[in-house]
Amino acid sequence: MQAQALLQSTPLRVSPLDPFHNRSLPINVKSPSLATRRRAVISAVAAAPKREKDPKKRVVITGMGLVSVFGNDVDTYYEKLLAGESGIGLIDRFDASKFPTRFGGQIRGFKADGYIDGKNDRRLDDCLRYCIVAGKKALEDADLGGDKRSKIDKERAGVLVGTGMGGLTVFSDGVQSLIERGYRKITPFFIPYAITNMGSALLAIDLGFMGPNYSISTACATSNYCFHAAANHIRRGEADMMIAGGTEAAIIPIGLGGFVACRALSQRNDDPQTASRPWDQDRDGFVMGEGAGVLVMESLEHAMKRDAPILAEYLGGAINCDAYHMTDPRSDGLGVSSCIQSSLEDAGVSAEEVNYINAHATSTLVGDLAEVNAVKKVFKNTTGIKMNATKSMIGHCLGAAGGLEAIATVKAIQTGWLHPSINQFNPEPAMEFDTVANVKQQHEINVAISNSFGFGGHNSVVAFSAFKP
């Protein structure tokens, strides 16, 4: 409309927006034609980022739920992060004494009372238990606990919770049963509880949600891929509400051993709490974590009709692939930088509006700097941008990482406080960002992005901001 109004204005009047108007042009220089000027103005207007205005297509966050090394309460989780507390310790779930890495962000004392019945609680893989509890807690946070769910159209409510590894304990136990006792001793739950879609399925069955339902598995980028897809279901009018995020429970012998074989893990067994140290020159690999992080995402129209608590707005996101290597990122950062740029375009914001980045930052030798180099390609001026690393305290929760980090991002928007990146002892010289080193900082967030990248070259970026009507 703005471009149309400009075109209809009289050519006898010089518009202040006219980029070519210059009264001091020499008489021998030919002024650009009116058509050229019109095209330039249209191009400038079209290129300006525009946020979504349609309440049916605007996506807001109305609830959050998690299972973490710091417990199952969102506020407690963020308080621990703000305090700079490490959740990393020695593994005692099994005998890890013969592994070169013997520590992780292991969840202890998890209970699903009131969320999963006793029989299923004993049968289910932890990956599924975490998903169901986090999902139901997110609904409670969205004021949709218990009988209140009767107010929504369940045919337009979906579930999209992914996982990188699936039901790894059930799978490992099934293989062991086959080898030691034969196929007759394999549990009939082996296949259903091992496959990656079952978390979304069981949660939907429990809630009666009949909308879009599946899982995405893109390694450590899983959660962001789920947010991106869930938002698009809402934008296309296929759902009013989606429960989306990631879940993971891989701290078992085969999971630990597999990442040891990849030579991806820190071996700082003498001091586990300082092992996850993103951007530090002495980092030696990532630290395994586990848990689940889930958001309730709704169209603004649906949220306002039911007077829902609006925690933040999902502005947009993007996904792509490095198409380069199974485990290593591109050194030039091309895939990541283009993914960030695409996410900003989808969100309708400019790079200058972003002033907080929740980084992927796993504490690996190659990955940390590859991300920083990619980010610097998009954000030419890093002044005023804060970038922190949630994984420095909870470890790398694989498919659930983006979910737990999205919750940290939304809490930062809500509270105005950024949690620290702990274990910043000897920072890389290439760092040109304020990494909120070791101590929390107060920071009013304009636009935040959260990065997640996975084995296979999967890149994902999502953008959030405070909700403004």
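User: Which strands does helix H5 lie across, and how is its direction to be read?

Analyst: A helix on a sheet is read by naming the strands beneath it and then the angle between directions. In this predicted model, helix H5 (residues 126-141) lies across strand S1 (59-67), S4, strand S5 (241-248) and strand S6 (291-299). Helix H5 runs at about 135 degrees to S1. Helix H8 (residues 198-207) also packs on the sheet, where it touches S4 and S5. The direction of H8 makes about 150 degrees with that of S4.

User: In what order do the strands of this open sheet stand?

Analyst: The order of strands in a sheet is read from neighbour to neighbour in space. Here the open sheet has 9 strands, in the order S4-S5-S6-S1-S7-S13-S12-S8-S9, and the pairing is mixed. Strand S4 (157-162) and strand S9 (386-388) are the edge strands, since each of them pairs on one side only. From one strand to the next, the twist averages 25 degrees. The chain as a whole has 15 helices and 13 strands.

User: How many bridges join S13 to strand S12, and how many to strand S7?

Analyst: Each neighbour of a strand is examined in turn. Strand S12 (residues 447-454) is joined to S13 by 7 bridges, and the two run antiparallel. Strand S7 (residues 312-321) also pairs with S13 in the antiparallel sense, over 8 bridges. Individual residues show the pairing: Ser452 stands opposite Ser460 in S13, Ile449 has Ala463 as its bridge partner, and Cys321 is partnered by His458.

User: What links S12 and S13 along the chain?

Analyst: The residues between two paired strands should be inspected. S12 and S13 form a hairpin with 3 residues between them. In the turn, Gly456 has a positive phi of about 100 degrees.

User: Is Asn459 buried or exposed, and why?

Analyst: The relative accessibility is compared with a cut-off; a residue under 20% counts as buried. Asn459 has 2% relative accessibility, and therefore counts as buried. Asn459 lies in strand S13 (residues 458-465). Of the 8 residues of S13, 7 are buried, so the strand is largely enclosed by the rest of the structure. Across the whole chain of 469 residues, 55% count as buried.

User: With which side chain does the side chain of Asn459 make a polar contact?

Analyst: The partner is the side chain of Asp322, at 2.9 Å. Asn459 also touches residues beyond its sequence neighbours, including Tyr225, Ala318, Gly335, Cys339 and Phe453. Of the contacts in the chain between residues at least 6 apart in sequence, 79% join residues at least 24 apart.

User: Which residues have the most contacts inside the largest nonpolar core?

Analyst: In soluble globular proteins, nonpolar side chains tend to be buried together. The largest nonpolar core of this structure has 49 residues, and those with the most contacts inside it are Tyr77, Leu295, Met297, Tyr314, Ile394 and Phe464. Helix H15 (residues 401-415) gives the most to this core, with 8 residues. Leu295 may serve as an example: among the residues it touches are Ile61, Met64, Phe227, Ala406 and Phe464. A second, separate core has 37 residues and includes Ala112, Tyr115, Ile243 and Val294.

User: What supplies the area that the chain exposes?

Analyst: The exposed area is read by the atoms that supply it. The chain exposes about 20,500 Å², and carbon and sulfur atoms supply 52% of it.

Notes
Residues numbered from 1 in each chain as written. Predicted model: local features only at pLDDT ≥ 70, side-chain atom pairs only at ≥ 80, totals over all residues. Heavy atoms only, no water. Helix = DSSP H or I, 4+ residues; strand = E, 2+ residues; numbered from the N terminus. Buried < 20%, exposed > 50% of the residue type's maximum accessible area, 1.4 Å probe, protein only. Polar contact = N/O pair within 3.5 Å; in protein donor to acceptor, adjacent residues only side chain to side chain. Contact = heavy atoms within 4.5 Å. Pairing = 2+ DSSP bridges. Axes fitted to C-alpha atoms, helices over the stretch in contact; angles between N-to-C directions. Areas by Shrake-Rupley, 256 points an atom, 1.4 Å probe, with all protein chains shown as cover. Core = buried A, V, L, I, M, F, W, Y, C linked by side-chain atoms within 4.5 Å. Lists of a residue's contacts leave out its neighbours within four places in sequence.
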